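Please open the structure in your viewer and keep the selection panel at hand. The tour proceeds by selections, each followed by a description of what is found there.

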Amino acid sequence: MDQQSKGSYKQLIQQNRNFKNLLLGQSASVLGDWFNMIALLGLVYGITQSPLYVSLTFLSKGIPQLLISPFAGVLVDKIDRKKIMVTADILRALLILGLLFTEQFIWIVFIVNFFTAVTSVFFSSARQGVIKDVVGEEDLYLANSLSSTVGGIISIIGASLGGLVSGMFSSHIAFFINSASFLISAYFIQATTIPKHYVKEKELNFIEDLKDGYRFIYQTPIILGVILVGISWGLIGGVYQILLTVYGETVYHAGDMGIGILYATQGIGTIIGGWIVSRFVGNRKEKMVFYFGIAYLFQGIFFTLFASSSVFIIGITFLLFMRIAGGVIIPLDTTLIQMNTPNDKIGFTIYENCWRRNHSIRYNTHTNEYS
C-alpha cells in the first residue's frame, strides 16, 4: 500500500474492461446531467426571476440525500449493486421527462428533483462500492482521479453544449438528452461483470446494521475526520451553486451562456485537480491526507474571493483555482474512505460522506459527479 503505483490511466482502462464500462456509463449520464442542469437552472430563473426558486431547485435534490442516504447505504450493502444501478438509471430516465412540463407547472421541478435524487442516492452509493469491487486497492486512487478527470472533461462539454442548446433551441431537447443518457448508462452497467461483494457471516437486522455503520465511522478516526471536515463545505455548497446561477444571470448579465461558462470553468479546474492527484499524490495515505488538507484550505480561500467578485473574468479566475482545489479533494476523500472501509460497510460510509458534499462532478449529482 505504501508503494507508489506505476499504473496509468491508459493501462487501467485497457486492462480492466469492467472499470471501462463503468467509466463509459458515467460519461454518458454526466453529460446528460449537465445538459439538464444548465437548461433547468436557466429555465427556472427565467420563469420566476427568483433566487429563492433556484434555491428550492437545489434543496429539492439535497433533502432526499440528507434524509435517505444512511438507509440507502445499508440497503445497498445487502442487495445486488448491479441491479440497483441499472434500475436506478431506468427510473431516472423516465422521471426526467416530467421536466418537459416545467413551463406549465413550475412545482413539477421539485417533485422530479426529489424522486430523481432518491434514485441517485442508491445509484451513487452502489457505484462507489462497485469501484472497490472491480479495481484493486493499489489503483483506487487512480480510478477515482480518472473518474474525476473524465467528469471534469464531460462537464466542460456538457455545460458548454447545454447552454448552447437551451439558449439557441429549447430546454426540452436538453431534458430528452438527459433521459437518453441514463439509458446509455444502464446499457454499459448491464454489460459489466461485477464480483460478488463481501457478505457478513452474521446478518444483522436493519436497525442494528445502521447502528453498526455509525459505530464504525465514530471508531475510525480517518473516516470520521474526512466526513467532519466536509460538513463545513456542505453548509456552504448550496450557496455556491446558487451563486453560479445568479452571478451568470444577474451579476455578469451573461444568461444561459454565462452559466454554461461558469460550469465549464469548474470542469477545467476539476481536470487539473485530478491530474495533480494522479501525478503527485499516488496511493500513499500520508500524502493523501496532506494534499486533502491543503486543498481544502485553498478551496475556502478562493470561494471567498469568487463570491466577492463582480467582474466576469476575475470571477472565472477565482472559480478556476477553487475548483482545482476541489478536483484534488474529490478523488482523495473517496479513496481514503474506500481504502479504510470494509466491503460490508462501503455503501453506508460512502454516502454518509457524499451527501454532504453535493458539489461533486457529480458531483454529482454526481457527482457530481458527481461529478
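Select isoleucine 177, which has its place in helix 7, the helix of residues 171-190. Is this residue buried, partly exposed or exposed? Isoleucine 177 counts as partly exposed because its relative accessibility is 30%, a value that falls between the limits of 20% for buried and 50% for exposed. Please bear in mind throughout the tour that the model is predicted.

Keep isoleucine 177 selected and add phenylalanine 35. In sequence, these two residues are 142 residues apart, yet in space their C-alpha atoms are separated by 7.3 Å. Which residues does isoleucine 177 contact, once its neighbours within four places in sequence are left aside? They are Gly32 and Phe35.

Next, select helix 2, which covers residues 17-48, and display it together with helix 7. The axes of these two helices come within 8 Å and cross at roughly 165°. Helix 2 is therefore roughly antiparallel to helix 7, since an angle over 145 degrees is counted in that way. The crossing of the pair is left-handed. If the residues of this contact are coloured by class, 14 nonpolar, nine polar and one charged should appear.

Retain helix 7 and replace helix 2 with helix 4, residues 81-96. Helix 4 and helix 7 pack with their axes 8 Å apart, at an angle of about 165°. The two helices are therefore roughly antiparallel to each other, and their crossing is left-handed. To view the contact itself, show the side chains on both helices. On helix 4, the residues to select are Lys82, Met85, Val86, Asp89, Ile90, Arg92, Ala93 and Ile96. On helix 7, they are met by Phe175, Asn178, Ser179, Phe182, Leu183, Ser185, Ala186, Ile189 and Gln190. Sorted by class, this contact comprises 10 nonpolar, four polar and three charged residues.

Return now to helix 2 and display it with helix 5, residues 108-134. How far apart are the axes of helix 2 and helix 5? They lie 13 Å apart, and the helices pack at an angle of about 160°. Helix 2 is therefore roughly antiparallel to helix 5. Helix 2 passes helix 5 in a left-handed crossing. From helix 2, the contact involves Asn18, Phe19, Leu22, Gln26, Leu40 and Val44. From helix 5, the partners are Val109, Asn113, Arg127, Val130, Ile131 and Val134. Eight of the residues in this contact are nonpolar, three are polar and one is charged.

The next stop is valine 289, which lies in helix 11, residues 285-307. With a relative accessibility of 41%, valine 289 counts as partly exposed. Add isoleucine 329 to the selection: this residue is 40 residues away from valine 289 in sequence, and the distance between their C-alpha atoms is 9.8 Å.

Finally, clear the selection and display the whole chain. How many helices and strands does the chain have? There are 13 helices and one strand. Followed along the sequence, the elements give the pattern α-α-α-α-α-α-α-α-α-α-α-α-α-β. A surface view completes the tour. The chain exposes about 15,100 Å², of which carbon and sulfur atoms supply 69%. Of the 371 residues in the chain, 58% are buried.

Terms used. Residues numbered from 1 in each chain as written. Predicted model: local features only at pLDDT ≥ 70, side-chain atom pairs only at ≥ 80, totals over all residues. Heavy atoms only, no water. Axes fitted to C-alpha atoms, helices over the stretch in contact; angles between N-to-C directions. Helix = DSSP H or I, 4+ residues; strand = E, 2+ residues; numbered from the N terminus. Parallel < 35°, antiparallel > 145°, perpendicular 65-115°, else oblique. Left-handed = near helix turned anticlockwise from the far one by under 90°. Contact = heavy atoms within 4.5 Å. Nonpolar A, V, L, I, M, F, W, Y, C, P; charged D, E, K, R; others polar. Buried < 20%, exposed > 50% of the residue type's maximum accessible area, 1.4 Å probe, protein only. Areas by Shrake-Rupley, 256 points an atom, 1.4 Å probe, with all protein chains shown as cover.
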